[in-house]
Amino acid sequence: MYRDQASLEDIYRAGQNCLSFAKNLTQSALKSDEVRLSAIAYQILIIGEATTRLSDEIRESHLEVP
């Protein structure tokens, strides 16, 4: 269960980072900011990696999340 907790914390933190990096930017401004786009892409990578560490129990109890 510790591993699930740590993974969920990683997912949450990376999601918050994405929101922070994109805050107050228009879509066109964000598209032209390669540094922020790269930072957001990295956070999405972290989310993807963390989801692979979640237990089957967590996955099965939240079928609404793809």
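Colleague: How many positive and negative side chains does the chain have, and how far apart do the centres of the two sets lie?

Modeller: For the count, Lys and Arg are positive and Asp and Glu negative, with His and the chain ends left out. Each charge is placed at NZ of Lys, CZ of Arg, CG of Asp or CD of Glu. Here that gives 7 positive and 10 negative side chains, with the two centres 8 Å apart. Before we go on: this is a predicted model, where local features need pLDDT of at least 70, side-chain atom pairs count only at pLDDT 80 or more, and totals for chains, interfaces and linings use all residues. Residues are numbered from 1 along each chain as its sequence is written, and side-chain values use heavy atoms, leaving out hydrogens and water.

Colleague: OK, what is the secondary structure pattern along the sequence?

Modeller: Helices (H or I, at least four residues) and strands (E, at least two) are DSSP runs, numbered from the N terminus. The chain has four helices and zero strands, so to speak an α-α-α-α pattern when read along the sequence.

Colleague: What radius of gyration does the chain have, and what would a compact globule of 66 residues have?

Modeller: The radius is taken over C-alpha atoms, and the globule rule is 2.2 Å times the number of residues to the power 0.38. A compact globule of 66 residues would come out near 11 Å, but this chain has 14 Å. Its C-alpha trace spans about 40 × 20 × 15 Å along the principal axes.

Colleague: Now salt bridges. How many does a search of the whole structure find?

Modeller: The test is a side-chain nitrogen of Lys or Arg within 4 Å of a carboxyl oxygen of Asp or Glu. The search finds three. One pairs R36 with D33, with the closest N and O atoms 3.3 Å apart. Salt bridges with shared partners also join D10, R13 and R53 into one network.

Colleague: Where do D10 and its partner R13 sit in the helix?

Modeller: Both are in helix α1 (residues 2–22), three residues apart, which means about one helical turn between them. Their closest N and O atoms are 2.9 Å apart. For R53 and D10, that distance is 2.6 Å. R53 lies in the loop between α3 (34–52) and α4 (56–61), so its pairing with D10 in helix α1 ties together parts 43 residues apart in sequence.

Colleague: Are those network residues buried, exposed or something in between, and what are D10's numbers?

Modeller: Buried means under 20% relative accessible area, exposed over 50%, and partly exposed in between (1.4 Å probe, protein chains only). D10 is partly exposed at 23%. R13 is partly exposed too, at 44%, and R53 is partly exposed at 28%.

Colleague: And S7: which residues does S7 contact, leaving aside neighbours within four places in sequence?

Modeller: Contact means heavy atoms within 4.5 Å. With those neighbours set aside, S7 touches A50, R53 and L54. S7 is found in helix α1 and is buried, at 0% relative accessible area.

Colleague: What share of the 66 residues is buried?

Modeller: Buried residues make up 15% of the chain. As for contacts between residues at least 6 apart in sequence, 59% join residues at least 24 apart.
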